[in-house]
Amino acid sequence: LGGGRVEAVGEQDRILGVDQRGQVPQLLLRVGRGAPPPLERGVLLGIATITDVLDAEVRAAMGPSFSATRACSDAMTPWPITIGPDAPLSEAVRLVVRHQIRHLPVVDTGSNLVGMLSERDLREAIGDPLEYLAIEPKLVTHEPRVSAVMTKPVHTTRFDTPLAELAGKFADLRIGAIPATDGFGALIGIVSYVDALRVLAA
C-alpha cells in the first residue's frame, strides 16, 4: 500500500497505483468494497483488504509518539448489549439491525461470557438479516438458537490492557471486536478494531 492515481474500470471496480496508500481508506469507504487491487505499470500485484489497511494504520499509530498510558478502557464501549445462548436467532438479528451493531457478546444466566455473535456469523448462518426477519417466524419452523451460531471460545481483554498490546492482538487474531472484562472477569465493555484505531490515531 503506498500515494498515485485511481483508475475506474466500469461502474463498481477500482484499481490503485502501488504508491497510492493514502487514498486506500477513502476509496474503500466510497465504493463499499473490501479489496481494491494495487497495480504497478499495469501489472496486478495483489489485493488490499480493509483488514490490511487497518493493520497498517494501527502499526503506524504505534510509532515513537504513541502514548503508552492509553488503555482498552479509553476505546471501549461500556456495558454493551448482550444476548443469551438459548435466545432464538431472530432476536439476535433484531438487536443487530435495531441498534446497528456488529458484535453481540453472549452471556449465560449467571452473566458469564460464553460466546460472541458477529454480523458475519449471522450472515453465514441465515444470509441477509433483513430478509431473514421478513420470513421469520412464518417460514422458519425450527429456528436455530444463538448457541448454534456463536463463536467460542471468546478472546477477551482486561479493561486496563495497554492499547498497543490490544492493537497487536487484533492484528494477530484477525477479529473485529474483543469483550473487555474487569478484574474479576465480568463483562464491562467491548472494543472494536475501529475503536482502537480511532484512539491510536488521535
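Mentor: A salt bridge here is a side-chain nitrogen of Lys or Arg within 4 Å of a carboxyl oxygen of Asp or Glu. The model is a predicted one.

Trainee: Which side chain meets R123 in a salt bridge at 3.6 Å, N to O?

Mentor: The cut-off for such a pair is 4 Å, and a separation of 3.6 Å satisfies it. The two residues lie 4 apart in helix α4 (residues 119-126), so about one helical turn separates them. R123 itself is partly exposed, at 41% relative accessible area. The partner is E119.

Trainee: At what N to O distance do the side chains of D128 and R123 meet?

Mentor: D128 counts as partly exposed, with a relative accessibility of 27%. R123 is also partly exposed, at 41%. Their side chains form a salt bridge, and the N to O distance is 3.7 Å.

Trainee: Which residues are linked in a network of salt bridges?

Mentor: R123 pairs with E119, and D128 pairs with R123. R102 belongs to the network as well. The linked residues are therefore R102, E119, R123 and D128.

Trainee: How many salt bridges does a search of the whole structure find?

Mentor: Besides the pairs at R123, the side chains of R158 and D160 meet at 2.8 Å, N to O. R158 is partly exposed at 38% relative accessibility, and D160 is partly exposed at 36%. The search of the whole structure gives a total of 4.

Trainee: What share of the residues in the protein is buried?

Mentor: The fold has 8 helices and 10 strands. It exposes about 11500 Å², with carbon and sulfur atoms supplying 52% of that area. A residue counts as buried under 20% relative accessible area. Of the 202 residues, the buried share is 38%.

Trainee: Why is strand β6 described as largely enclosed by the rest of the structure?

Mentor: Strand β6 covers residues 103-107. The description rests on a count of its buried residues, because burial means under 20% relative accessible area. The buried count in β6 is 4 of the 5 residues.

Trainee: Which residue in β7 stands opposite V106?

Mentor: β6 pairs with strand β7 (residues 113-118) in the antiparallel sense, over 5 bridges. The hairpin of the two has 5 residues between the strands, and S111 takes a positive phi near 65° there. Opposite V106 stands G115.

Trainee: Is A196 buried or exposed?

Mentor: A196 is found in helix α8 (residues 193-201). Its contacts, leaving out residues up to four places away in sequence, are A75, L163, F170 and V191. Its relative accessibility is 1%, and the limit for burial is 20%. A196 is therefore buried.

Trainee: What distance separates the C-alpha atoms of A196 and F170?

Mentor: The two residues are 26 apart along the chain, and A196 touches F170. F170 is one of the buried residues of helix α7 (residues 163-173). The C-alpha separation is 9.2 Å.

Trainee: Which residue follows α7 with a positive phi?

Mentor: The buried residues of α7 are L163, L166, A167, G168, F170 and A171. After α7 comes a residue whose phi is near 55°, and that residue is R174.

Definitions and conventions: Residues are numbered from 1 along each chain as its sequence is written. This is a predicted model: local features need pLDDT of at least 70, side-chain atom pairs count only at pLDDT 80 or more; totals for chains, interfaces and linings use all residues. Side-chain values use heavy atoms; hydrogens and water are left out. Buried means under 20% relative accessible area, exposed over 50%, partly exposed in between (1.4 Å probe, protein chains only). Accessible areas come from the Shrake-Rupley method with a 1.4 Å probe; for residues, only the protein chains shown count as cover. Two strands pair if DSSP finds at least two bridges between them. Contact means heavy atoms within 4.5 Å.
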